[in-house]
Each structure stands twice: as C-alpha cells, then as structure tokens.
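Biologist: I am new to reading structures, and I would love a close look at one place where two helices pack together. Could you take me through it slowly, and then show me how it sits beside the rest of the chain?

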Amino acid sequence: MSTEHSKRAAKFTQNVEKTTWHDATFWSVRQKRDKMAQELPEWEDLREHASEIKMHTITHLADYLDMFSKNLESRGVKVHWAKDAQEFNEIVLGILKDHNVKKMVKSKSMLTEECEMNPYLEQHGIDVVETDLGERIIQLLHQKPSHIVMPAIHLKREEVGRMFEEKGISKETGNYDPTYLTRCARHHLRNQFMEAGAGMTGCNFGVAATGDCVVCTNEGNADMGTSLCTKRLQITAFGLEKIVPSRQALGVFTRLLARSATGQPSTAYTSHYRSPRQGGELHIIIVDNGRSRLLANPDHRQVLNCLRCGACMNTCPVYRRSGGYSYTYFIPGPIGINLGMVADPVKYKDNVSACSLCYSCQNVCPAKVDLADQIYRWRQQLRDTGSESKGKHLVSRGMKLVFEHPALYHTALRFAPLANHIPHFMVENALNAWGAEREMPQFKGKTFEDLYHAETKQRHDK
C-alpha cells in the first residue's frame, strides 16, 4: 500500500524538468558544503567537538537555562517560559496587545512554524509580515516552507515574478530578472519595517555565559526589524535546545553552520542581542513544546543537537527527488522524519519510508546527529504504535523463517527460477506493491553458491 509520502512524491515527479532541476540545485549546495569542509583540515574535529558540546549542554540544560535567563534579566530583559505551542502563542499575543501593536515584522523562524504562530496572531487581528525574502514569497503564496534554510527554493523565478505582478509588487510585466525582483521586494518591505509596532526574530544560539541571543542571517532583515519598529519592542523566541555554554563554544558552531547550510564561510550577518533598546523592551521566549520529553528518550534525544542547517536535506536523495511538500510533517528531509515521529509517531509514520538508509545525512551533519540510525530505530518501533504495515510484517516473517533454516533457504533458491515462467499479470498486480513501479528481477539458473563450488572444484582439479 502506498504511503502518503509516496503519493505526494509521485505527484511531484510528474514534472520531470522541475524534479531534475530540484535535484541538481540541492546537489550543488551539497558540493559547496563539501568544498568548504575540505578547506578546513580540522573539519571533522569541529564536528566531533560540536557533538560533544551539544550533548554536554542538553544533559546540563537546567543549569545553562538558569544562567542564561539570569544574565538577561540582570539587563532588564523580560524572559518568558512556554511549555507548549498554545502557551507560546498566548505569550506573544499578550505582549503585542499590551503595547497595542497591530503589525509585527519578523525574520525567519522554524519555531513559529512549529507553533503555527502566524495564523494564530492573524486570527486575533495582528498583521504578521515575514521579512526574509523566501518566507515573504511563500507567505504571499499561502504556502509553507519546503526547506528550513531556503524556504522558497522549490519556486522558479518566473513563478515568483508572476506572483509579484498579481500582488502589484512588480510594475514590469514579464521581467523575471532576480535582481529586479529582489529590488521590488525591498521596496515592498521598506514601509512594512517603518510601520511595524514590533520586531520578532528567532535565535540560532543562546549563549548561557553572557545572555547573548545570536541570530545568523544573510539579508539583514532581522536587524532591520528590531531596529526600525516604532515602539522599540523586540521579541526573540527559540526552543530551549538552542542554548550553548559560552562564546568559545559558539565559535565552533558558527564555523560549521553556514558552511554546512549554504557553502558560505559565514553568514553575512551574525547579530547578538542581549539588552533592550534605549527606551524599549526586549522579550525572550524560551519554548519547550515536547523537548523535555524528548530529552528523556535515550534513543532519540540526539535530534536536540540539530543546528537547523538543512545539510541533511541537501544531500538526501529522497528529498532532492521528491520535494519538501511530499513529507507530511512541516519540516521535511531526514531531520523532519525524526522530529515528526517525536511529535506524533502515528500521524507522521508515513515519512519513515522516505529514506534509503544511505547514511549520507548522518555523514554530513555538522553536529553528528545519528539521523539514519534513528530512522532505522523508528522503523523497528512501528509495531509498538500499531503503525506497521501488515503486508510488510507478513513478508518479513516469511523471510525470517527462510533465512533461519538453511535447508529451506537452499530449496527456495533451487526452485526460484520457476518464477521466471509465471505469467506477467500474476506477478505485476495490485497485490504486489513492489511490482507497482518495478519489474520483477529474473532469477538466474545457478546460485552464487553453485558458481563458487564449481570454481573451487575447477581450481582443485587443476
């Protein structure tokens, strides 16, 4: 039986040209990452160090969170704690209402996607404006991000240009030059920055020892949003796993992040926020939303080490050829498979089949998260949640029986070539999921064991 992912993937791959372009685009990003990694002799040491720092931090998380919040509060920053998405959204809305804010500009944040903050605020009369170019494009198209770093990468410039024309952002019909479209977007967003009553950012890293909230961007929109809002009101939100111990530790991650994500030595802007603007307010919201529960799970807690660089997606052969929207969880790719299963192993079970277990994701992860190992473990746990495919389970039991009994195995091999003579319609039908998109292989008359013994005998006779 087809999974929801396979159905969506089949729809995506109908457009062969776009599928090929999507695959090549992300492979080029992977190649840039490799080039950057090869230029640093200490690359693997950095990955190992990052992994160790992350594991140390999440196993001492309460201490570092306490240190982080105290450093911020000593400077007049208001620190909030949200146990789940609902509480997070209510806190944000409460802050905005207290300041009578009707429009908020924000930079890219996967946490707000996770908590579905935008629709929540919009339902309560708040105009939320995404200022990252890719995020703004998909917001205007009423879509979701298809990638955690390059949210609109699935769109071609012609698609963006036509949408800009429809929205009145572009004045020149048929001009799809990227430089022109970027200029149009800049003019479109300029007044949004000036009119907004609050600016919101995510946070790539929270430095416990200093209270720094570190935001890494390439467009400078986060700094614009926090500097130009009329009420001098800034909100920064992030998941509690984003804490790192010190600025020395931060240096390890900033060397890895951009190189892994986009193949750059560093992002264009690495901004530190730790105090309110003069006469203004800075609110920091630290969100749990299931992270504490995950921390207690030794099989899967390593996903908390993820830097959200997207390198696992860029290299994944399944993601590259099936697109971000083929996944049922809002984060696609290998990390999304794992995060989705953490969130709801029944609802997002279809995604675990979207992996070839090639281990490429695990090999490129800058924090050495065991992504493929975890996906394999999730597959073994499907039966525990009643999500296992009955057909696959039956086949697996049959294979187990054959492989555990040598006599039965050899007998099956002897008679396997008879399957070559079975009429095609009896093999390639709805009862055979494998045959839906594949031709059954032709069994050879002689097995490897036969050939091996024959070769051995021939050498012995000589």
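Modeller: Happy to! Let's start with helix H16, residues 333–343, and helix H18, residues 371–380: their axes come within 9 Å and cross at roughly 40°. That angle makes H16 oblique to H18. As for handedness, the crossing of H16 and H18 is left-handed. Please keep in mind that this is a predicted model.

Now look at the side of H16 that touches its partner. Pro-334, Ile-335, Ile-337, Asn-338, Met-341 and Val-342 in H16 meet a set of residues in H18, namely Leu-371, Gln-374, Ile-375 and Trp-378. Sorted by class, this contact has 8 nonpolar and 2 polar residues, with no charged ones.

A second pair of helices is handy for practice. Two packed helices are described by the angle between their axes and the distance between the axes. For helix H9 (residues 157–167) and helix H10 (residues 178–195), the angle is about 40° and the axes are 11 Å apart. H9 and H10 are therefore oblique to each other, and their crossing is left-handed. Here Arg-157, Val-160, Gly-161 and Phe-164 in H9 meet Pro-178, Leu-181, Cys-184 and Ala-185 in H10. The residues of this contact divide into 6 nonpolar, 1 polar and 1 charged.

You may also wonder about the cysteines. The structure holds 0 disulfides, and two residues let you follow the reasoning. A disulfide needs two cysteine sulfur atoms within 2.5 Å. For Cys-316, the closest cysteine sulfur is in Cys-358, and at 6.4 Å that is too far for a bond. For Cys-358, in turn, the closest cysteine sulfur belongs to Cys-361, and 6.3 Å is again too far for a bond. The surroundings can be described as well: Cys-316 is buried, with a relative accessible area of 7%, while Cys-358 counts as partly exposed at 46% relative accessibility.

Finally, let's step back to the chain as a whole. The protein chain has 22 helices and 10 strands, and its C-alpha trace spans about 95 × 55 × 45 Å along the principal axes. Of its 462 residues, 49% count as buried. If you take the contacts with a separation of 6 or more, residues 24 or more positions apart account for 73% of them. The meeting of H16 with H18 is a good place to return to when you turn the model on your screen: find Trp-378 in H18, one of the residues in that contact, and work outward from there.

Definitions and conventions: Residues numbered from 1 in each chain as written. Predicted model: local features only at pLDDT ≥ 70, side-chain atom pairs only at ≥ 80, totals over all residues. Heavy atoms only, no water. Axes fitted to C-alpha atoms, helices over the stretch in contact; angles between N-to-C directions. Helix = DSSP H or I, 4+ residues; strand = E, 2+ residues; numbered from the N terminus. Parallel < 35°, antiparallel > 145°, perpendicular 65-115°, else oblique. Left-handed = near helix turned anticlockwise from the far one by under 90°. Contact = heavy atoms within 4.5 Å. Nonpolar A, V, L, I, M, F, W, Y, C, P; charged D, E, K, R; others polar. Buried < 20%, exposed > 50% of the residue type's maximum accessible area, 1.4 Å probe, protein only.
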